[in-house]
Structure formats: structure tokens, C-alpha cells
Amino acid sequence: MATAAVSLARPARGLVSRLGRHPEGRIALALLVFMGLAALAGPRVVPYGPNQINAEDVLQGPGTRHWFGTDELGRDQLSRVIAAAPIAFYVSGASVAVALVIGTAIGLVAGYAGGLVDIVLSWIVGIMFSMPALLLALVVVGVLGPGLNNALFAVAIVYVPRFARIARASTFGVRQRLFIEAARLAGRRPHEILLEHVLPNILPAVIIQTALSLSTAELAHASLSFLGLGVQPPNADWGSMLAKARGIMTVAPWLVVFPSLALVLLIIAFNVLGDALRDELDPRAQTGAMRIGI
Amino acid sequence: MSQPVLQVEELRTQFPTERGPLTAVDGISFAVAAGEVLGLVGESGCGKSVTARSILRLVPPPGRIVSGQIFLQGRNVLELSEAEMRGIRGADISLIFQNPMTSLNPALTIGWQLQEALLVHQRLPRAHARRRAVEALQAMGIPDAARRIDDYPHRFSGGMRQRVLIAMGLLNEPGLLIADEPTTALDVTIQAQILELLRVASRERRMAVLLITHDLGVVASLCRRVAVMYAGQIVEEATVDELFATPFHPYTQGLLRSLPRGHEDRDHLTTMPGLPPDMTDFPSGCRFRQRCAFAEAVCEKPPELLEVTPRHRARCWISQRDRRLAQPREVLPAVRVARTPESVPRAPLVELRDVTKRFSLSGSLPRRGAVVHSLNGVSLDVMAGETLGVVGESGCGKSTLGRITLGLYRPTTGTVRVDGRDPGDRTTALRHQLQMIFQDPWSSLDPRMRVAAVVTEPLRARGALQGRDARDRVRELLALVGLSEAMADRYPHELSGGQQQRVGIARALAGDPRLIVADEPVSSLDVSQQAQVLNLLKDLQARLGLTYLFISHDLSIVRFMSTRIAVMYLGKIVELGPARAVLAEPLHPYSIALRSAVPIPDPRRESGRARVILRGDVPSPLELPSGCLFRTRCPLAQEICARVVPPLTEHEPSRWAACHFVGSFDEMLRPTPPAGRAAGRPDPVARPHQPETP
Amino acid sequence: MIRYVAQRLAAGAGVLLAVSFLTFWLGTLIPGDLVTVLVGSEGATSEQYRDLRHKLGLDAPLLTQYVRWLRSAVRGDLGKSPITGRYVTDEIARHFPISLELALLSLVESILIGVPVGVFAAVRANRPAGLAVRSALFVVFSVPPFVAGVLLVLAGALYLGPLYQASYVPMTENVVLNLRSMILPTLSIAIPLAAMTAQMSRAALLEALGEAYIVTALAKGAPRRNIVYIHALKNALVPVITLQGYVFGSLIGGLIVTEQIFNLEGLGRGLLVAIGQRDYPFVVAGTLMIAAMFVLANLIVDILYPILDPTQRT
């Protein structure tokens, strides 16, 4: 077990420096660091509270006092946009993390055990796949009710099958490798082989899937939020800000532009990260599906 | 003398890399005349494939030709425009590649691809082009060509695809054919078919052929002249007879001596120490210097390729000075390797009885329910202390046999017993006594584990070895296989193929095994590394009293290693007996054909040989023929062969064969007149001292 | 081949069955059940409550309710919406064509834009034009459909007058106006998807160009256009087509938000409303309908696959 932990830690340290060698990797990391800092430090630094109503500054365009302008309640848009950043990171990060653990475990077991176990698990995963992502999330939120953590849960559920599928496919590939046979001949038990040999070797595929899922998870979260099913008012969230701004966007376009920009920037960062990771971890061209990170 | 078809002068091709330019081809010069087959020989990485691509100006970017001249029928190829070059490719020069499985476009019919070869060079009506394509396929011996021309490549076996590729290459009657390892990926009996095709094609069309290969047997079989490449340079060039009889470069000599020759009895193979140099950073002076037994002070200056005797050039100061190359002093092995005993010890360690193994093909939708018959009734004993060689081509079930013996697979029917116990039963204490050495050393090592961890894995299952004990054991095991302790902390990707394989062997030894199944242990290694590993295996057997089940497709290697040999075909043993006897006087038609198909790296013997060339491809293991499984390709097949399965019977003491007609093979053994050989190599100037070929 | 299609159809039907059950079950979990909604602010005695529940069949065990629903569903009767009082089947029929048109048009647009752009990016992969396109694709790919939609509406209102038709006109009334009203909605979905398809086309084409058979073709003297547009593209199209199954899934997500933005009375919009109103029958039927579209799209891809990829045929 200790060996497994060590062999898992090793890729992480090297990865960041390897990424740094690609121009794409550098861009992605720079963007993420920038936005991460904004998320962490931003809320403390802004002059106005995100929900603070400044009655005298209603519907101001971008200017020296309010860099991103204000909305119909006079709330400073810069503060709101920044305040929504940690939420974005939290929802996309946490939902993907949950989906990663559960999905990878399912995929590993299905891929390695084969037979009936595989058939049953694959069938379940297949059903989940047959529901389009947003639809499934919608129904789940419909059941649980709107709110931040419910949205998180809904997104996580949607991503479990995606990780399961990647983990399973990758496990199949690793299972054929001769060192697995050698491990069996050495008398290792199946769970030891899974943890010490299979898991570290499917990591590259899983890491790539993680980065790509982060981007689409954020997209899903923002969509839910746009539909009013995410964070509830008065709290700031890019998707809901956009939804509310629709009504008055012809007179106050800045209310639409800045949240959109922030959202798109974060998604771009995740996408470029995923692409750079893919180039780094699997320079050999992959089969079609994995390239877009299904 | 007429102008050579191809004349290459001082060709230099480089690839830019992070560590500086990699000079894959470093100033080589050679010529090929019409009707002549020139062999370009070398191990992997020496630059021969890049040479082929350079001649066609198809060097993969970012590589480029940096200097030199290439003359095709007198025209300088390097001065042509790209459009003119396209006119030459496929018309004046054709190039055939190594791997037929990936060289055809899977999304286009072979008919389309064949016709394209014609239509890009001339305007032809479709029907005419199609007819020419069908004729070309027929000329290559593809049955039912008119119908199969509309098939997609995946419907063809490897051998068939290679024929298609050759047909495609010959369609426009090129003056020069470049064949880059054309048979490496094919089974030996298929290889024989393809080599025969090339031999005939070259002779009948007066076509110049540049044959690129690492296989000296193929060279002896097909070529008139040979050039040996090492580290980007040609180090020796001569007629094939002279090269094999009296090599003048130490590398050539080393290569020839490290080959296990099927007809010789040897304890061990002579090996060349070290590895080829880094192609981005050549040593000064002679590039072979560090590995050379003859090296002297003069070798610090780079030698030129000069004539040592008429028409025999070598890039070596020593042979140029002495006009000969001595036999090096034999370096005696540190441990006396015991002679492989001919007599077979009594006690069987492994007993297989009527073992069959079937695999079902699942997943691929339209063919659900298809079953692969991998083993079809195998009964075999492996005696303690012996090496039983299992030889056969792809699909014969030899790998499955190995894995069943170790308990990795369970037999569908029949029994397996090792030391009286069932190897597949996890509760017995057999586990560490049964180990395997794998074919692909890279795949057999977990890329994320260091050597020390890999080697001690078998011990971890028993109860972990701690600290100093573990380190001691690692050092012991590495020393056993000839690796230094420093290797313990390296990762697999930092080792060469031969070193990786030794790590695999060390791992197999960790648990004090009794039986080791070696599944093609040297197939993916270069010739020089093969010899080292084979010697090591023999040495270990003598020292540790191991029993080997040695699986290989290479007859010479199996002969070298084994006490007894079992020949397999389509999941059955067709012949079994002492190693020397099985190969010197085989009883079964398949064994005869197999032996005949392996080219012997000795042109004098190779030229006079009787060739038995089998028809067709191996039947699919999804649908076995009735009766004798070999009958579809056997030149002697009679009606009884389709009705009755011939049992494995003991025809002479300890010699078993499964055929109805053992002993009546006179027709088969009548030598087919080696007409092609002598007629194809008229060159009186080159052979003043040659005795008459029998 | 027939057997294969039949197998896929059967598999699809099985999936839909499972989806219907799943949705049905999820529907019952929605807190605040139907009766509460119906009763509303009036209040009711617990007896009336129980009566109403019984009348609506809500007190039977889950499986019984499901089977009951299933039996009518196969006869074409998806129940009645207790909110609107209308037959769900009619409601679906009203909403469905709009979603269908939106989906099909967007898909076609995304392919027509995406594939050529991807091929261009591949062919010029190492030149500035190709690199620029590649970077642009990243940006466009990262724009969610609703952001694209909102921005397009903004641009449309401010700058694009004639192109922008604010309200939907059904095709049966006026084809031209209908298409004009669909331009912006379909573009807002199609553009991010086109970027996805373009990336895939580019990657697949580059991968095909790296294969051994390309060198064989070069060694034959084949001209560049044969190599790119016949040898490589034929192989590259296969993963692009199979991607469209996934694209369609994304597209449906896009449908829901786009209908919201552009005020289109499609299934997505209807579904949102129904969830809010606890209109079970519509929720189940609507979800099922959308899932069916998705399953159908994947079925088509599955059937196309052996046609496009010769190695997959018997």
C-alpha cells in the first residue's frame, strides 16, 4: 500500500514541471493561478461587498469607482464576479473529485474483474450515459431542490459514468500488459495488483479526464445556475447573474459581458490544461473518443 | 560495364534533436546494378531504414538530407523538383515496408489502392487499370484474385498483404525495388514464400533490388552482394560468399559468430561486449573501437572504407594493414557451462495429458459465440533438469501451452500436473517454483517501479523482506544475471532491451524456482544482445538446476538451447524428440517444411538447399480442418488425412511424430533444382577461388 | 447486418425502459407531492387529502404505479397533466417539433462548419494560420451555449436587425420567417459544438496522416490531395461521426437553456416548467422523449459505424 501511495505521488510532482515546458501548459497554469488567486484573495480585497447595495450608484457603466459597473441594485459587479469565483472552483472541483473517486473505482473493478461484474456495472453505467448530461442534472436538482450543494451533487452524478468508462477502458489496456501476468506469477493477490500496478498506470488517462471534466463540469454548473437551480439569490454566481442580466442587457450590456468573460476564461483554462496534459502524458495519438475527453 | 541502376555517394541524413543533430546516415556510398540484389544489413538504429527513405526523399520531417548525391539511371535524384520526384516514386523506384499489417489503408479496397499506383503515373481507362491490378495479384499467387480485389485489407493475412504490397510495387515495372525488412513481421514459412517471390521477380524482370534486413539468413538466401552498416556508416561491403566466409570487419565477424547456427553444436555463443554508440555523439576515431577485440592505437583515427582484397572493402585499419582478420582469442566464459546432456533424466516434472484450451471471442458483435481452438489435445512430459524447446509459428498455441503449464490459464479439458500438483490451484505452495520470462521485456516491467522493486516482487507476497535483507537479495539477484548494483535504482525506461530482459530473469529467479517457461525471451532483442541473454540462461540452468520450457519460433535458437524439441502446429504437437535429431532428420512434413524455410546464414549451404515451400496460409483457429490439421498445406495429403486424426506415435525410440506417412517422404525430400540461385548470380570476377557449387 | 440493427434497437428499447423507470422513480421523490400543489392554499382535511391521493393513484406502491403507467404508455396514452388538464401526449406533440427542428438544424450547422474548419486547421497545422485557428477553437469551444445565446441576442438586438427575428414562427406558417427565427438559436448551440467537431476533425486527420499507410501512398507517388482528402480523411471521418453521438448529448443540454433564452416552447422549456409545477406525467414523458432522441441519435451512429469503417463489418 505504501508503495502505491509513493508511486502515485511521484507523477504529481513531475507533472507540473513537465507541463511548464509546453507553451500551452504555461498559459493554462498561468490562467488558473491567476483565477485561483482571485478566488482566494479577491473577496478580501475588493472595496465593496458583493451583496452590498449602493443605492446611489444604480446601473452605472464601468468606471473608476466600479470597474465592472453596477447592477439595478447598485451592487458592485467586480465584487460579485470575484465572489462567484470560489463557488465556481468549489462546485467544479468538488463534483469532479467525487465523480473521480467513485467512477474510477467502478471502472477499475469492472475492467479488472471482467465477466458478470463487468457486464452488470457496464450496464448501469450505460444507463447513466444514456441520459444527456444536463437533463440528468436537471432531474436530480428537480428532485433535490435548488441550491449550491444539490447542484454539486447533480453534477457529480453526471460525471461518475464518464470516469468509470475511461477507467475501465484504461484498465483493459493495462490488464494486457505482461507485468500484470508477472505479478500474478509472483503470487500477488488481485487487490494488490489493482492498487499497485493497475491504478498507477491508468493515472495518465484519469488525469486527462479530470482536467477535461473540470471544464464541462463548470459548464454544467453554470447552466444549472443560469436556469435558477444553483446558488440562490442574493448570492453571486456567474450563471444566475447572466440570467438576471438578460432582461436589461440592451441598456446595461456590462452586466452580461463581465460574468461571461469570467466564466469563459475559467473554462478555457481548464480546456487548455486538459489539452496540455494530454500532449504531455500521452504524446502518441489517442483514439477518437478520448481526444475530446468524453 | 553498364551504368548501375542506383548509385549513392556520400549520403548524409540528419535529424535535429534536443541534444544536437542525430546523424542517422553518415556519408555512405554504394551502387546496385540491374538484376542484382544488394543486401544492406545492420541492427536496429544503424540507419538502414533512413537510407531507404532518403533515396526516395521521404525522410520523415524534421529529418533532412544534408549532403551527398543519389543517381538513378544517371539522373541526380536530389536535384529534381518535388513533382518530378513524385513521378519517380512508385514508377522508377518502389519501396516496400516492414509491417504489412499497417502499410495498407484499412478504409480503401486493395483494388482501389492497386489502381491508384497505376493511375497516378499514367492515364488509363478504369477497366484497363482494374485488369492490370487483377493480373498483378494473380502473378503474386493470390487465389481468387478477381473477386478478392474488392476486399478490404483486414480480410487478408499478413503474408497476403505483403504480396499485395509487392504487387503494388511492381505494377509500374520499376528499375529499382527497395525492400525494407519485407519479411520480419511474418512467420517463417510465409517468409519463405515471400522470399521466393522476390527472388523470381528480381531475376525475371532484371530489376535491381536493395534488400534491407537484420537477418543474415535472409541475406545469405537472396543477395548477391552485401553491405554491413554500423552507427550510420558502411563498415564492410563484399559478395555474399566472401562476407560470410572471410569477414574483414570485426563487427561483421562478431555478428556472424553470435548467431546460433542450426547445424552446429555449441555450448555458448560468442558475444560482443557493449552497445552501439549514441547517434548524436559519436566517439572519435573508429566507431566500433570500444567493442572491438582488435583495437589498437591507430584506431583512434577514423578509418576509411577501402579495399582489403579485390571488390571486398572494409572500414578497418587492422584488416587493411594485414589484408586479413584473425580469429580472436576465445574469451573463456567465467563459469564452465556444462554441456547440454543428450541423455534425458528419468523423472518428469511436468505432465500434461490431453490438454485442450478454447477461448471464446466475445464483444465483437456480429461474431458472438466464435471460439478459438488454441490447444487441441496436447500430452507432454517435461523432465526435471532438461530444456524442452517448443517451436512453431504464430497461432500454434505455444504461448498458451506455456501459460497453462504455469497455471495462469486452466485447461478446458485435460490435466496439468507439476511435481504431481495442480499449478492453477492457489493453495499449493507451487507458486514461486513456477516462473516465466516474457517475450517483450518492456511490457513485462511496470514502468512505474524501480528495478529493485520489480526484482523483489515475488518475495513481497510471501512476507516482506525488510531493509538490509531486501537490499542484499537485490544485489544477489542482479549479480546472478550480470547487472551491477547501480541498476537497482533505475527505472525500466532507462535500461536497454537486453538489460530489461535480465531484470525480468532476475525477478523470475527471486523465489528459487524449479521450472521456468521462457516465452520467446530473445525475439525482441538485437542479435548481439540475444547471444548474451541466451548464454546467461544456459549458465543459470547449469548453476541452479533449472528446468526450462523454451518457447520460440526460431529454430536455430531452439536447437542451441534445448535437449528435446516439440514442434507444434495449430494447437497440437506434431513431432517430439531429441533436439539434434528433430532438426537434422525431421519425421513430420511440417517439421521438414519449417526447417527448409529457415534461411541459413551461410550462402554456400543455402544455395544448394532443397526448398519445400508450403502452399497457402495457416487455417484459422476458429474453424479447424477435419482429420489431420496440417493436411490443407501438406504436399503429401491423401484422402485418409481428412478422415483420421493421426495420433502422436513413437516411430523410433524417443522420437514421436503425428503423421500417417512417416518414413515415406522421398518425394518431398527430392531437392527442387536450385535453378534460381546459380543462374542468378553470374559474376566470375568476384569468385576466382570458389569451388564449384554442388 | 439486419441482426446487428435489431440488436441495437433492442438494446435501445431496453435503455429507454430503464430510463423511464428511473425518471418515474425520481419523480416520486420530488418533495411536496402533487396533491399539495393541487390543493394549494385552500387547505384540506386529511381525509380529503387521502381521497385525492387515492383518486390520483398516488397511494399505490411504486412498482404498481409504474406498471400502470407503462401499460397505458405503450398504448400511446401518457396520462393527463393534472396541472393543465390536457393529455400529456398532446402537450408533447406541441413541444416536440420545435425541439426537433432546433436540434437537427444545430447539428447540421455544426458539422457543416466544424469539419471544414478542422480539416483546414490540420492541413495548415504547423503554419501560422493553422495555429491561429487552433487557438481560436479553444476559445470558441469554451463558450457555453447559453453565453453564446445571450451574447448573440445582444448582438442581434443592437446590430443585426434584419437577421434577427425575435419571436418564433412555426414552419407550417411561413418557412422563411421560421428559418429566420431559428438562425440565432441554432447558431448559439452550433458554434461551440462546431468547435468541438473541428477539434476532433483536426486531431483525427493529423493522426491519420501519421499512419504507416500514408507513407505507402507517398512512396507510390500519390499527389498531396489524394493523400489528405482520400487516404487520410476517409479514416479520420470515422471518429468524427462517432463523436456526433456525444455531440448530440451536449446539444440537448444546449436545447434546454437555449429554449429558455429565445423563448421557444420546446420540450426543454416545458420540462423546466413541469419540474417546477410537480407535473409528474409531463416530467416523465418529457424526459423520456428527450432521452429517446438521444438514444436514437446514438443508434444512428452505431449503425453508421460499420458502414464507414470497413474493419467493423462481418
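In this predicted model, helices α8(A) and α9(A) are oblique to each other. Their axes come within 7 Å and cross at roughly 40 degrees, an angle that is neither under 35 degrees, as a roughly parallel pair would require, nor within the 65 to 115 degrees of a roughly perpendicular one. The crossing in which α8(A) passes α9(A) is right-handed.

On the α8(A) side, the meeting residues are A:Ala222, A:Ser223, A:Leu224, A:Ser225 and A:Phe226, and their counterparts in α9(A) are A:Trp238, A:Gly239, A:Ser240, A:Leu242 and A:Ala243. This helix contact comprises 6 nonpolar and 4 polar residues, with no charged ones.

Both helices also appear in the contact between chains A and C, where α8 (190-226) and α9 (238-246) are among the elements of chain A giving two or more residues. Chain A supplies 37 residues to this contact and chain C supplies 45 residues. The largest share of the chain A side, 8 residues, belongs to α10(A). The classes on the chain A side are as follows.

| Class | Side of chain A that touches chain C |
|---|---|
| Nonpolar | 25 residues |
| Polar | 10 residues |
| Charged | 2 residues |

A separate position lies in chain B. B:Ala293 sits in the loop that runs between α10 (250-257) and β11 (306-309) of that chain. It counts as partly exposed because 15 C-beta neighbours lie inside 10 Å, whereas a buried residue would need 20 or more and an exposed one 12 or fewer. B:Pro283 is 10 residues from B:Ala293 in sequence, and their C-alpha atoms are 17 Å apart in space.

How values were computed
Residues are numbered from 1 along each chain as its sequence is written. Chains are lettered from A and ligands numbered from 1 in the order in which they are written. This is a predicted model: local features need pLDDT of at least 70, side-chain atom pairs count only at pLDDT 80 or more; totals for chains, interfaces and linings use all residues. Two residues are in contact if their C-beta atoms, placed from the backbone, lie within 7 Å. Helices (H or I, at least four residues) and strands (E, at least two) are DSSP runs, numbered from the N terminus. Ala, Val, Leu, Ile, Met, Phe, Trp, Tyr, Cys and Pro count as nonpolar, Asp, Glu, Lys and Arg as charged, and the others, Gly among them, as polar. Axes are lines fitted to C-alpha atoms, for helices over the stretch in contact, and angles run from 0 to 180 degrees between N-to-C directions. Angles under 35 degrees count as roughly parallel, over 145 as roughly antiparallel, 65 to 115 as roughly perpendicular and the rest as oblique. A crossing is left-handed if the near helix is turned anticlockwise from the far one by less than a right angle, and right-handed if clockwise.
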